[in-house]
Amino acid sequence: MPAFFIDQHGCAKNQVDGEEIASRLVDAGFVAVDSPENAEVIIVNTCGFIEDAKKESIQAIIEAKRQWPEKKVVVAGCLSQRYPDALFQDLVDADGIVGNADLSLIPDSIQKVVGGERVLVCPPQQASLSSAYYPRKALFDFPGTAHIKITEGCSNHCTYCAIPLIRGELRSRTIEDIVHEARTLLERGIFELVLIGQDLGNFGRDLKGRCLLPNLLEALARLEGNFRVRILYIHPDHFPETILPIIREDRRFAPYFDLPFQHASEPVLRRMNRKGSATAYLELLASIRESLPDAMIRSTFLVGFPGETEDDFEELLQFQKKAQLDWLGAFEYSREENTPAYTMKNRVPKSIAKKRKALIEEVQTAITGAKLQRFIGSNDTFVVEEVFDHDDLCIARGWMQAPDVDGVTLIHSRQNPGSAVHARIISVNGVDFNAILDYTAEP
């Protein structure tokens, strides 16, 4: 059977899809290789969320065919699901277009491409998720970490967001299925399980009419062993505060929260189809910190949304200073076809949006630098990701550092990737920590 290479793009949710694609292909007899040079088929697992990501994915497709014209290049992922017909018609470099609605179709599609057929396989998103997860043999994370996607799609319908167009409405997995996958991953030696979905505050609402995230955490708490669970992406308008005592009582749950506030001006939030306010969001932050004083809180801000005035932006800046978020990512509004915001008037010039983004980032640099100081002298468990070839140093992450988006911890010791080690933070270097092994900790 032919060899394949996956060129991975996009978010962690798309990464899980890429892992499933690789696993399904291996199970079908294909051979996974770690470089495009050694592959007969290059699968570009694309992102189709915002303009910059789409351009990056398209460039990767074109470049793959330019470098290896004799190889088959297949376009998978969100871009394929969003623009299947346009890609099939206009992107002549692609030997196949396959969507992400039904990954079970991937092996047969790739086999047809290898046989010389140019394929377009992009069924609509399914109304519900499969009753059982597909075991992933391939994991693209650093050793010791694995993402678990517990929902698909989103029904919040923020006016700027293309996720419902690409991945459909909210569909949740069952708690039993998620716990079974978690147990399987732990048995493989995974230390950190990262629960992801577009909005975990809505997990289970399509199944039972209410958020089942507290129930899921209670079920995961019954698993035995030394591991860490990280919860990412909870829409702040319906944050389930009943998860706070569960996290407080079980130290294996990281008190880390990713709450995409996006804005603080009510007029802007309403145009975004979001229900919150600066006051409500500050009250939520206070509630989290009261229950979990050491909580690490990350967010994203979206600047340059249509109609955003200087007063709106000033309100966002004031919220940022009051919120004192630990981590923050700022993004410029991307005008996306077929979203409600696409036709909104009073668009903000890109030059202004860029300046606003830079100012948010400048303010946040000082806030993050100050907030990280509280960890100096603290001891914790870190999962080792990489080791340097010629130095007694390794790169690791603590509970306060999410994969790929936050800083890392440089431990002054040579440890095996994937291992969980006890270390003490001795200093802050920008957004990163320096640490040394803690030899007093229990094994």
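What share of the contacts in the protein with a separation of 6 or more comes from residues 24 or more positions apart? In this predicted model, such residues account for 72% of those contacts. The fold that they belong to is built from 14 helices and 19 strands. Its radius of gyration is 22 Å, close to the 22 Å that the globule rule gives for 443 residues, so the protein is as compact as a globular protein of that length. Taken along the principal axes, the box filled by the C-alpha atoms is roughly 60 × 60 × 45 Å.

A look at burial and surface fills in the picture. Of the 443 residues, 56% count as buried. The protein exposes about 19200 Å², and 51% of this area is supplied by carbon and sulfur atoms. As for charge, there are 49 positive and 64 negative side chains, with the centres of the two sets 4 Å apart.

Helix H5, which spans residues 106–114, offers a friendly local example. Its residues Ile106, Pro107, Ser109, Ile110 and Val113 are buried. These residues lie on the same side of H5 because they cover an arc of only 165° around the axis. The pattern fits a familiar piece of helix geometry: an α-helix has 3.6 residues a turn, so residues three or four places apart point the same way. The cover over the buried residues of H5 includes helix H1 (12–27) together with strands S3 (41–46), S4 (72–77), S5 (96–98) and S6 (119–121). After H5 comes Gly116, with a positive phi near 105°.

Methods
Residues numbered from 1 in each chain as written. Predicted model: local features only at pLDDT ≥ 70, side-chain atom pairs only at ≥ 80, totals over all residues. Heavy atoms only, no water. Helix = DSSP H or I, 4+ residues; strand = E, 2+ residues; numbered from the N terminus. Rg over C-alpha atoms; globule rule 2.2 N^0.38 Å. Buried < 20%, exposed > 50% of the residue type's maximum accessible area, 1.4 Å probe, protein only. Contact = heavy atoms within 4.5 Å. Areas by Shrake-Rupley, 256 points an atom, 1.4 Å probe, with all protein chains shown as cover. Lys, Arg positive; Asp, Glu negative; His and termini not counted. Charge placed at Lys NZ, Arg CZ, Asp CG, Glu CD. Arc of directions from axis to C-beta.
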